[in-house]
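Work through the exercises below with the model open. Each task is followed by a stepwise solution.

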Amino acid sequence: MNKQIILIGLNHRTAGVEVREKFALTDVENFEQGLMVHCPVQECMALSTCNRVEIVAVVKKGPVAEAMAAVVQYWAGACNGRPEQLMDNIYQYADLEAVRHIFTVASSLDSMVMGEPQILGQLKDAYRAAVDKGTAKTIVNRLLHKSFSVAKRIRTETAIASSAVSISYAAVELARKIFGDLKPTRAMLVGAGEMAELAAMHLLRNGVQEIIIANRTLSRAKALAASLGGEPIQIEAMPDRLHEVDIVISSTGSPVSVIKAKDVKAVLRKRKNKPMFFIDIAVPRDIDPDVNTLDNVYLYDIDDLKEVVDENMAQRQEEASKARTVVDLETETFGNWLNSLNIQPTIVDLVGNAEDVAMRELAKTLKKIGPVDDKTRNALERLVLSIAHKSLHEPICFLKRRTQEEGSAERFIDLARRMFNLDDESVPDNAHLDRKPASCAPEDIEQYIEISKKEQ
C-alpha cells in the first residue's frame, strides 16, 4: 500500500479514569487540524468519550513507528501531559489491525457494556465533524462508512443487542413482558438512587407517560422530577399514591422495608386487582418479600435482576463470536479495497502509455498519407484511441481480479509495470541471464509481425 492506516488510543481497559480525563480531547476539531499540520498525517479523525480516546490517521508508506511517535507527542502536548505517561496506557495498531479495531469499536464489541448502541452514535458524530473540517478524506471516509455498515450488519445478523445487560434496563425489559405496551402505564420511584433514575429514564424511553418521585428529601425529588418531567412528593405520601401507579421502582437507603405486604393488599383493592410490578433494587431490600405472594403482583429484587443480566450477558458472548467472524470477513474485504487503490496509478499509466503510442503511430500515418480534413482526423483519432482502450480491457480486468487475491496484488502490479516499462527503466540485454538475449527494437517487432502474416 502507498498509504498506511494507523490507530492510537486508550480506553477503560488500558487506562484508569484519571488518565482518561487527563488525555481527553476537549477540542477535537482543532486537534485534528493541528495533527495534519504538525505530524506526517494526510487524513485523520479523533474520537473522545468518557471511556475512550482514539485517533485514526492515514500516513504515507514509510516508518510507521515514526508517524505513531509523532502523533503521541502531539497528543500529549495538546493535553499538557507527558508522552511517557501516555505511552504507558495506549494501544497502537497499523493497517488491517487498525481497520479491524475500528470495526470492533463501531460494532460495540469493545464497549464496557457489549452491544450498547451509544458508541456508534459517538463515532458517527466524530466522523461528521472530521468531514466538516476536511480532515477525513478518501480512506477515512471509506473506513468509517464501512464501519457503520459492519455495525448494522452485526445488529441485523446477530442478537448481540437484543437482551438486557444492565440492572436498570433488565427491569424495564421485565416490565415490558408483564404489561406489553408501556404507554398506558404510570410509574413511581421510591427513593432517588442512580439505578432507579436510570430505570426511570428507560421507562420514559419505552413510553411510560407519568412518573411520581417519592423521596425523604423533597429537594432531591424536585430536582429529579425536573429532569425526568415527573411529580415530586414526600416519601410519607407514597402509600396513599401507590394505587395510582402500575410500576414501582424502589431504591432507598432504609434499613427496613418501606413497602409492606399489608399496604399492597389495600392498594390492590383500590386498583380492582389490576397487575402491579415492583422492582426492588435496594440493599437491604425496600419491599417486603411477602408482596410476591399476592395475586397480580410481580416482585423482582436485585438478585433476580442480576440473574437475568448474567444470563443475557452469556447470550451476548455467544453472539459476539458470530459478530467477530463478520468483523474478520469485512476487514479482509476492506483490505482488498486498499489494495485496489494501488492499481489506480498503474491503470492510469497503462492507458496513458497506450494513448501516447496510438497518437504517435497516427501522426506517422498522417505524415505518410498527407493532409486530411478535420472530420477525418477526428474520426481516425477516435479509432486509434478506441483500439488502445479496448486492447487494455482484459489486462486491466485481470489486474483488478488479482487485487481480490490475498498477497498477489503487488506482485502482479509490479509485473505489469515491468512488462509495459511504465517506469521507463533502462533494461540491459543481459537482464535475464538464464534466457537467450533478444532485441526489443520497434523494427524487430514490426518484422516479427510481417513474418507472422506470411506464415498464416
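A residue is buried under 20% relative accessible area, exposed over 50%, and partly exposed in between. The model is predicted.

**Exercise 1.** Place Cys50 and decide whether Cys50 is buried or exposed.

Solution.
- Locate the residue. Cys50 sits in the loop between S2 and S3.
- Apply the cut-off. Cys50 has 61% relative accessibility, so it counts as exposed.
- Check the record. An unreviewed UniProt entry annotates Cys50 as "active site".

**Exercise 2.** Test the length of helix H8 (residues 167–179) against 1.5 Å a residue.

Solution.
- Work out the expectation. The expected span is 1.5 Å times one less than the number of residues. H8 has 13 residues, so it should span 18 Å.
- Compare. The end C-alpha atoms of H8 are 19 Å apart, which agrees.
- List what is buried. In H8 these residues include Ile167, Ala171, Glu173 and Leu174.
- Look past the end. Gly180, just after H8, has a positive phi of about 75°.

**Exercise 3.** Describe the largest nonpolar core.

Solution.
- Start with its members. The core has 38 residues; Ile5, Met45, Phe103, Leu143, Leu144 and Phe334 touch the most other members.
- Trace the elements. S1, S2, S3, H5, H6, H7 and H13 each supply at least two residues. H7 gives the most, with eight.
- Assign domains. Domain 1 (3–163) and domain 3 (334–426) each contribute at least three residues to this core.
- Zoom in on Phe103. Its contacts beyond four places in sequence include Leu143, Val150, Val327 and Phe334.
- Set it apart. Another core, of 29 residues, lies apart from this one, with Ala171, Ala187, Leu228 and Ile279 among its members.

Terms used: Residues numbered from 1 in each chain as written. Predicted model: local features only at pLDDT ≥ 70, side-chain atom pairs only at ≥ 80, totals over all residues. Heavy atoms only, no water. Core = buried A, V, L, I, M, F, W, Y, C linked by side-chain atoms within 4.5 Å. Buried < 20%, exposed > 50% of the residue type's maximum accessible area, 1.4 Å probe, protein only. Helix = DSSP H or I, 4+ residues; strand = E, 2+ residues; numbered from the N terminus. Domains from an automatic or database assignment. Contact = heavy atoms within 4.5 Å. UniProt positions renumbered as here; feature names shortened; annotations may be inferred.
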